[in-house]
Amino acid sequence: MHCREILLTVWVLMFISTSETCTSRLHITAVEGEPFYLKYCSSSPKHEKKTTTIKWYKNESHGPVDLSLRSSPRILLRDYVLEFWPVELHDNGSYSFQMGNDTHDWKLNVIPRTKHSCFTENLVTSKAVEVKKSLQIACEHNYYQQLVNRTVLYKNCEKIENNKNPFLKNAEYKDQGYYTCVFFLRHNGKLFNVTKTFNITIVGDHSKIIPALLGPKINEVKVELGKDIQLNCSALLNEKDVIYWHTRRNNESDPNVHEGNMTRIRTSEGKWLASRILRIENINTRNLNFSYNCTASSEGGTDTKIFLLLLKDDTVDIPGHVFTRGMIVAVVISVMVVCLVTVGVIYRVDLVLFYRHFMGRDETLTDGKTYDAFVSYLKECQPEHGEEHAFAVETLPRVLEKHFGYKLCIFERDVVPGGAVVDEIHSLIEKSRRLIIVLSKSYMSSEVRYELESGLHEALVERKIKIILIEFTPVGDFSFLPQSLKLLKSHRVLKWKADKSLSYNSRFWKNLLYLMPAKAVKPCRDESEVLPILLKT
């Protein structure tokens, strides 16, 4: 019986020692250039008989590949173990172990070695050690330990000289860092090294805390004479810490001041939430402006907070008629603000024009441009386009130039015949502050297309000109215009209505002046031009 117990114990110890090196995780990460292994372990003793054939496979895209059929000095098959001497990047993939009905799969991810560091952050084991407690780093490898002939310990990639294995000392805050064990071992006459890194964090001693009173350090409490009050003092403490009140003055205690017992509640972190109440009955003038101090005390230190009783001020109620008047004033002011905003939105154009006239603003003095606007219109003088042509070459110059003092660029008037028309148009648009487009259904002819494209280039790319659209005849569908015109935020469509737009004070001319640059030049007028001069053609 004794012999059977010894054999059973030896078998259990062998199983435990071998299970420590088993690769049980499904996803494994290895470092390029280091020896690596996959090991399958089973708790069933029958596997030790080796009566069943063992197969190792690498699962390729075209199917599993039997590794026993490959001849590679780098990859060795040792029954339950698959060894790599060393592992390379192209060893990435899925591996399978098969022995009878037992199978196991691993997903191997080989990562490149970090060139400027002695360790790889993906394979670091973190460990927290309390200050002044034992810091031990044992450089041991469960699988390769018998092959190791030398071990070197590094801290933050700097070699620790005269180091003993295991590394042992009382932890200090300066000991925090990355500790890397480098195992040197030989295989088939070649020298290999395996690394094992620990991230050591030194933390404070959490077994005890310094008592901390809850709430502000100075508390001013408003009280009324003749009333009672309770002052609550709470703190986070250790088990043997205490809370007490300082209530005596000149070694005498007030008869109306009573200190209650301390109550404790254990928190989930193992600390204590304690409180102690000070009850003051029938408050008198002696209790006012006196500091009642609450102190939490422990071996690690003390914490104190002050309670100061102050006489509550008499509250003065606002008379009803004053409140009513204030509400009426507030409502009136709110209505006035809403009205002013509404008027500002509705009459924005009129207000801006009045401001320009009153302040004498002029935006054309320093921009170096010659014309205030270039007028683009249909150049075909056919009978059906007569009104549109007359509006562009006669009405606009007559009103904007003679009545309001602007300088326009008209194609038929300002382009010199015989020159390069395309270059001349582009130059004139560059010298203009605005591009006025007189729209109609027939506008997009070949003759005006370049004017529009040149103006859009100045507006979108150069941002040197703003576009004004005048819908002379109802268009409805603007799909014939270039898509880029929709990107402009500065353009606005003005609709010409012959019956309502005749007067200089009509909404059409005000909106057009609003979109034109501010100019302080006073035009030359005669008596006939002061009157409405727009006649139906």
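Me: Let's start with a term: contact means heavy atoms within 4.5 Å. Leaving aside neighbours within four places in sequence, which residues is L400 in contact with?

Reply: Happy to help, and first a note on the source: this is a predicted model, where local features need pLDDT of at least 70, side-chain atom pairs count only at pLDDT 80 or more, and totals for chains, interfaces and linings use all residues. Residues are numbered from 1 along each chain as its sequence is written, and side-chain values use heavy atoms, without hydrogens and water. Setting aside neighbours within four places in sequence, L400 is in contact with G405, Y406, L408, I436, W509, L512 and L513.

Me: Good. Which residues touch the most other members of the largest nonpolar core?

Reply: A nonpolar core is a set of buried (under 20% relative accessible area, 1.4 Å probe, protein chains only) Ala, Val, Leu, Ile, Met, Phe, Trp, Tyr and Cys residues joined through side-chain atoms within 4.5 Å. The largest one holds 43 residues, and those touching the most other members are L396, L400 and L512.

Me: How is α4 oriented relative to α8?

Reply: Helix α4 (residues 386-403) and α8 pack with their axes 12 Å apart, at an angle of about 75°. Angles of 65 to 115 degrees count as roughly perpendicular, which means α4 is to α8 roughly perpendicular.

Me: And what is the handedness of the crossing of α3 and α8?

Reply: Helix α3 (residues 348-359) and helix α8 (residues 507-515) have axes 10 Å apart, at about 60°. A crossing is left-handed if the near helix is turned anticlockwise from the far one by less than a right angle, and right-handed if clockwise. For α3 and α8, the crossing is left-handed.

Technical notes:
Axes are lines fitted to C-alpha atoms, for helices over the stretch in contact, and angles run from 0 to 180 degrees between N-to-C directions. Helices (H or I, at least four residues) and strands (E, at least two) are DSSP runs, numbered from the N terminus. Angles under 35 degrees count as roughly parallel, over 145 as roughly antiparallel, 65 to 115 as roughly perpendicular and the rest as oblique. Buried means under 20% relative accessible area, exposed over 50%, partly exposed in between (1.4 Å probe, protein chains only).
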